[in-house]
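Consider the predicted model shown here. The account below starts at one helix and then turns to another helix and the core.

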Amino acid sequence: MAKHLYTMAQARRDLAMGYLTSARILRSQDGWVVELGGGKALGELADARRKQRRVFKSLDGAAGALEQIGFVVKDLQPVG
């Protein structure tokens with residue numbers, strides 16, 4: 001199943017409306033990807049111009065994007 005792609009504006013709107021309730025930062029081959037979820041919805045943050053998933057070069061950049069959307073980033077928890 002293909003994941004939904006969220007632009008920053010869509011993610012802000014859906015978070016404000018209560019549709020998005022969780023977020024994760026995942027390692028990919030070429031950087032870091034932001035995964036957004038809520039209920040049965042699951043998607044990734046996308047570049048608005050290219051309409052492709054957005055890959056961040058740094059973990060700090062991915063966390064900053066979550067904060068721009070409106071999530072509060074308190075800590076990062078590694079998964080073993």
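Q10 sits in helix α1, which spans residues 8-16. With a relative accessible area of 27%, Q10 is partly exposed, because that value lies between the 20% limit for buried and the 50% limit for exposed residues. A polar atom of the Q10 side chain lies 2.9 Å from the backbone nitrogen of T7. Q77, by contrast, is 67 residues from Q10 in sequence and 26 Å from Q10 in space, C-alpha to C-alpha.

A11, the next residue, belongs to the largest nonpolar core, which has 16 residues. A11, V34, L36, L45 and F56 are the residues with the most contacts inside this core. Two or more residues each come from α1, β3 and α2, and the largest share, five residues, is given by α2. Leaving aside residues up to four places away in sequence, A11 touches Y6, L20, L36, L45 and I69.

I69 leads to helix α2, residues 59-69, where A62, A63, A65, L66 and I69 are buried. Viewed down the axis of α2, these buried residues fall within an arc of 155°, so they line one face of the helix. An α-helix has 3.6 residues a turn, so residues three or four places apart point the same way. What lies over the buried residues of α2 includes α1, β2 (22-28), β3 (31-38), β4 (41-47) and β6 (55-56). The face of α2 turned away from the buried side carries D60 and Q68, which are exposed. Just after α2, G70 takes a positive phi of about 125°.

Note on methods
Residues numbered from 1 in each chain as written. Predicted model: local features only at pLDDT ≥ 70, side-chain atom pairs only at ≥ 80, totals over all residues. Heavy atoms only, no water. Helix = DSSP H or I, 4+ residues; strand = E, 2+ residues; numbered from the N terminus. Buried < 20%, exposed > 50% of the residue type's maximum accessible area, 1.4 Å probe, protein only. Polar contact = N/O pair within 3.5 Å; in protein donor to acceptor, adjacent residues only side chain to side chain. Arc of directions from axis to C-beta. Contact = heavy atoms within 4.5 Å. Core = buried A, V, L, I, M, F, W, Y, C linked by side-chain atoms within 4.5 Å.
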